[in-house]
Amino acid sequence: MEHAEDGPGPQGQHAGEARWRGLFERMGEGFFVAEALRDAAGRMTDFRFVEVNPAFERLTGIPMQHALGRPVREVIPGVPDDLIRTYARVVDSGEPAEFEVHVPALNDRWYEARARALGHGQFCVLFLEITQRKAVELALVRSEARYRTLFESIDEGFCILQLLFDAAGQPHDYRFVEINPAFERHTGMAGALGRTARELIPNLELTWVHTYARVAVSGEPLRFEDHAPSMGRWFDVFAFRIGNPAEHKVALLFSDITQRKQVEQALREADARKDEFLATLAHELRNPLAPISNGLAILRHAEAGSAVGVRARELMERQLAHMVRLVDDLLDVSRVSRGKVELRKATVALGALVEAALETSRPLLDAAGHRLELALPAEPVLLDADATRLSQVLSNLLNNAAKYTREGGHVRLAARCLPQRRVSIAVSDNGIGIPPQMLDKVFDLFTQVGAALERSQGGLGIGLSLARRLVEMHGGHISAASDGAGRGSTFTVELPTL
Ligand code: ADP
């Protein structure tokens, strides 16, 4: 009965066995049946191979004849104890087991095995060699660990984003699915993991979403620098797609370059200011030369002591004094910025400082027809100060008040004592005033407000910078106030007193 192969009866049994044996002989998996060997206490400590298939030989490198009938500890010296314990559990409990095992004694091979108890102390094992797969897995784990260490330790920010698209297929946000420790420092965002960019920054510019969506869709990596006004930061970003394109994931390697940009935005400004200064300097030094050479021409022909001659000489002296002042200021500012100025401090009365300053500034105030008002405290105020330097500061403020106020203006110098042994000296005018955004900047070197300024009395934009440094060297502070263009200015110097 050909068809009753696996039916009951001796003939069927035989045919069925033949079919299983054929399979057993031809299959790619290794297979063996083994029998437990026990010690005196009945513990399984070894096993003997009862049957092995040809694949067994191929997958283990052990000839079938060498294995059959012999204990595994003899066939594979150094077989892992763990492996024997695993089979013992299968045999004793009757529970099947599925596991991976590394057998260094077998040429360092890895196997995946399924063991099942057969009864009577026997068990069978079906196994595959997975050494190569393991090697790839291990390499992946290792490289993942390597990259992870790298990303965790680098100073640059690293994150993986997942782009989010709306029903119409338009990108509208992205979620942070991985971030490294430096991420927070570069973005200023804590707890970003798992949240979306627009949850964290509701007013985030959509260009960021669109840029990353382009990378996610096209797969083209992108390197760029851009400003995120919503975050108040500049970034240098390298964005590249990772993973399966359908996941819409983009990795970013980025740095916060706000400081660099500010230094750059500031360097350009300083450079422009220096160019402007050089032009002003040339102009200011050139201006007095024409009247001086005119004066010389007049003197050549004028009689000694004549009125024309005297006028010419006075004019030349004024122009020369102006040039000397400019050059002195220039030298001072370079000395102060190089820390080359030493204060010669002594006890000095505020009144004396003001008097010395007025001596210098009075001609300029008078020439412009300004009315000067003085208001000093009744009691004497004493300072530990370099009198020359401080009167230079005050006369600078008075000169500016005179220069930047239309003729016939009003200039006031008012001093008053403050708590904690300080005095404030305010020089105010009713002149052209200073726009609010320039109030702090007028103290920067070479800064002058507006080109519309009448430059007839102009300087080099160094007086206030010098004043600030000298005041600070005295442990004091200087500030400017103004209600805006055309509404006058007040410069206040605060100094410690004795
Ligand atoms: P400058 O030699 O140009 O006077 P300063 O450093 O003394 O240089 O002053 C810097 C700038 O501040 C001036 O060019 C002017 O634009 C502005 N400024 C200074 N003092 C006054 C003031 N009293 N009123 C209006 N503007 C002023």
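**Note on two sheets and the helices beside them**

1. In strand 10, Ala-251 is the bridge partner of Ile-160. The model in which this pairing is seen is a predicted one. Ile-160 and Ala-251 belong to a longer match, since strand 6 (residues 157–165) and strand 10 (residues 249–256) pair in the antiparallel sense over six bridges.

2. Strand 6 and strand 10 sit within an open sheet of five strands, whose order is 7-6-10-9-8 and whose pairing is antiparallel. Strand 7 (171–179) and strand 8 (222–228) stand at its edges and have a single partner strand each, so one side of each is left without a neighbour in the sheet. From one strand to the next, the twist averages 35 degrees.

3. Helix 9 (residues 206–218) packs on this sheet and touches strand 6, strand 7, strand 8, strand 9 (233–242) and strand 10, while its direction makes about 25 degrees with that of strand 9.

4. A further open sheet of five strands has the order 12-14-15-17-16, and here the pairing is mixed. Its edge strands, each pairing on one side only, are strand 12 (371–375) and strand 16 (477–482). The twist in this sheet averages 15 degrees from one strand to the next.

5. Inside the mixed sheet, strand 15 (residues 422–429) and strand 17 (residues 489–496) pair in the antiparallel sense over eight bridges, and Ala-426 has Thr-492 in strand 17 as its bridge partner. Helix 14 (residues 387–403) lies across strand 12, strand 14 (410–418), strand 15, strand 16 and strand 17, and it runs at about 25 degrees to strand 15.

6. What span should the 31 residues of helix 12 (residues 307–337) have at 1.5 Å a residue? The expected value is 45 Å, and the end C-alpha atoms of helix 12 are 45 Å apart, which agrees. Helix 12 is followed by Gly-339, whose phi is positive, near 70 degrees.

7. The buried residues of helix 12 include Gly-309, Met-316, Asp-329, Asp-332 and Val-336. As a set, the buried residues of this helix pack against helix 10 (258–286), helix 11 (289–301), helix 14 and helix 15 (463–473).

8. Helix 10 and helix 12 pack at an angle of about 150 degrees, with their axes 10 Å apart; that angle makes helix 10 roughly antiparallel to helix 12. Where they meet, helix 10 contributes Phe-277, Leu-281, Glu-284 and Leu-285, and helix 12 contributes His-322, Met-323, Leu-326, Val-327 and Leu-330. By class, this contact has seven nonpolar, one polar and one charged residues.

Methods: Residues numbered from 1 in each chain as written. Predicted model: local features only at pLDDT ≥ 70, side-chain atom pairs only at ≥ 80, totals over all residues. Heavy atoms only, no water. Pairing = 2+ DSSP bridges. Helix = DSSP H or I, 4+ residues; strand = E, 2+ residues; numbered from the N terminus. Axes fitted to C-alpha atoms, helices over the stretch in contact; angles between N-to-C directions. Contact = heavy atoms within 4.5 Å. Expected span 1.5 Å × (residues − 1). Buried < 20%, exposed > 50% of the residue type's maximum accessible area, 1.4 Å probe, protein only. Parallel < 35°, antiparallel > 145°, perpendicular 65-115°, else oblique. Nonpolar A, V, L, I, M, F, W, Y, C, P; charged D, E, K, R; others polar.
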